[in-house]
Amino acid sequence: MVVLNKIYTKTGDAGETALGNGSRVAKHDMRVTAYGTSDELNCFVGVARLEATGNVDAALSRIQNDLFDLGADLCRPDMEKDADAEYPPLRMADTQVARLESEIDAMNGALEPLRSFILPGGSALSAHLHVCRTVARRAERLAVELAAMETVNAAAVKYLNRLSDWFFVAARIANNGGKDDVLWIPGANRD
């Protein structure tokens, strides 16, 4: 039995990489940048999980899996050809967006309304979740930019938009239910 466990392929040495449909593009292609950023976000979620426990850790685990689904979706161009594919391409689903919305609503229901902008920080977990929030926003901007050039699954863009909201609310939960949020004081250091 032959076991293939080759880590390096050398196929990208000339600055190109393969997309999910087998086509080759430059490594700086917008599609590669978009799904590469979702992979980067997944790494930051993994770091946040080092501080997470219980329901938050379980939710972050689900999000990590979703982010792999997102990468699989974004790396596969030509959605209009999905029906002709050898196997059904994995696409983000509206149910994944709805799950995030439900979780956001549940977390937000336990928080006092915001009366000020908050600064990233407080607890270690909150700080990590704020990093995830900003990387999710960047991933969303890149997916939107890609969608201006090519067809992109609308559920993928919606997912990224809701995900950054999820991270914001979860960061507040991680700050003792918002009680330890660090509030922005406009102009505090101008004198």
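**Helix α2**

Begin by selecting helix α2, residues 54–74, in this predicted model. Colour its buried residues: Val56, Ala59, Leu60, Ile63, Gln64, Asp66, Leu67, Asp69, Leu70, Gly71, Asp73 and Leu74. Next, display the surroundings of these side chains; what covers the buried residues of α2 includes α1, α3, α4 and α5.

Before leaving the helix, place a distance marker between its end C-alpha atoms. The marker should read 30 Å. The 21 residues of α2, at 1.5 Å a residue, should span 30 Å, so the two values agree.

**From α2 to α3**

Now select Arg62 and Glu103. These two form a salt bridge, and their closest N and O atoms are 2.9 Å apart. Arg62 belongs to helix α2 and Glu103 to helix α3 (residues 94–109), so the pair ties together parts that are 41 residues apart in sequence. Is each partner buried or exposed, or does it lie in between? Arg62 has 36% relative accessibility and therefore counts as partly exposed. Glu103, at 15%, counts as buried, because the cut-off for buried is under 20% relative accessible area.

**Within α4**

Move to helix α4, residues 124–147, and select Arg137 and Glu140. Their side chains meet in a salt bridge, with 3.1 Å from N to O. Why are these two separated by about one helical turn? Arg137 and Glu140 are three residues apart in helix α4. In general, an α-helix has 3.6 residues a turn, so residues three or four places apart point the same way. Arg137 is partly exposed, with a relative accessible area of 30%, whereas Glu140 is buried, with 13%.

Return to Arg62 and add Asp66, Arg99 and Glu103 to the selection. Salt bridges that share partners join these four residues, Arg62, Asp66, Arg99 and Glu103, into one network.

**From α1 to the loop after α4**

For the last stop, select Arg31 and Glu150. The side chains of this pair meet in a salt bridge, at 2.9 Å from N to O. Arg31 lies in helix α1 (residues 30–49), and Glu150 in the loop between α4 and α5 (154–174), so the pair ties together parts that are 119 residues apart in sequence. Colour both by accessibility: Arg31 counts as buried at 2% relative accessibility, while Glu150 counts as partly exposed at 31%.

To continue alone, display the salt bridges of the whole structure; a search finds 13. As a general principle, side chains of opposite charge can pair when their charged atoms come close.

Notes
Residues are numbered from 1 along each chain as its sequence is written. This is a predicted model: local features need pLDDT of at least 70, side-chain atom pairs count only at pLDDT 80 or more; totals for chains, interfaces and linings use all residues. Side-chain values use heavy atoms; hydrogens and water are left out. Helices (H or I, at least four residues) and strands (E, at least two) are DSSP runs, numbered from the N terminus. Buried means under 20% relative accessible area, exposed over 50%, partly exposed in between (1.4 Å probe, protein chains only). The expected span of a helix is 1.5 Å times one less than its number of residues. Contact means heavy atoms within 4.5 Å.
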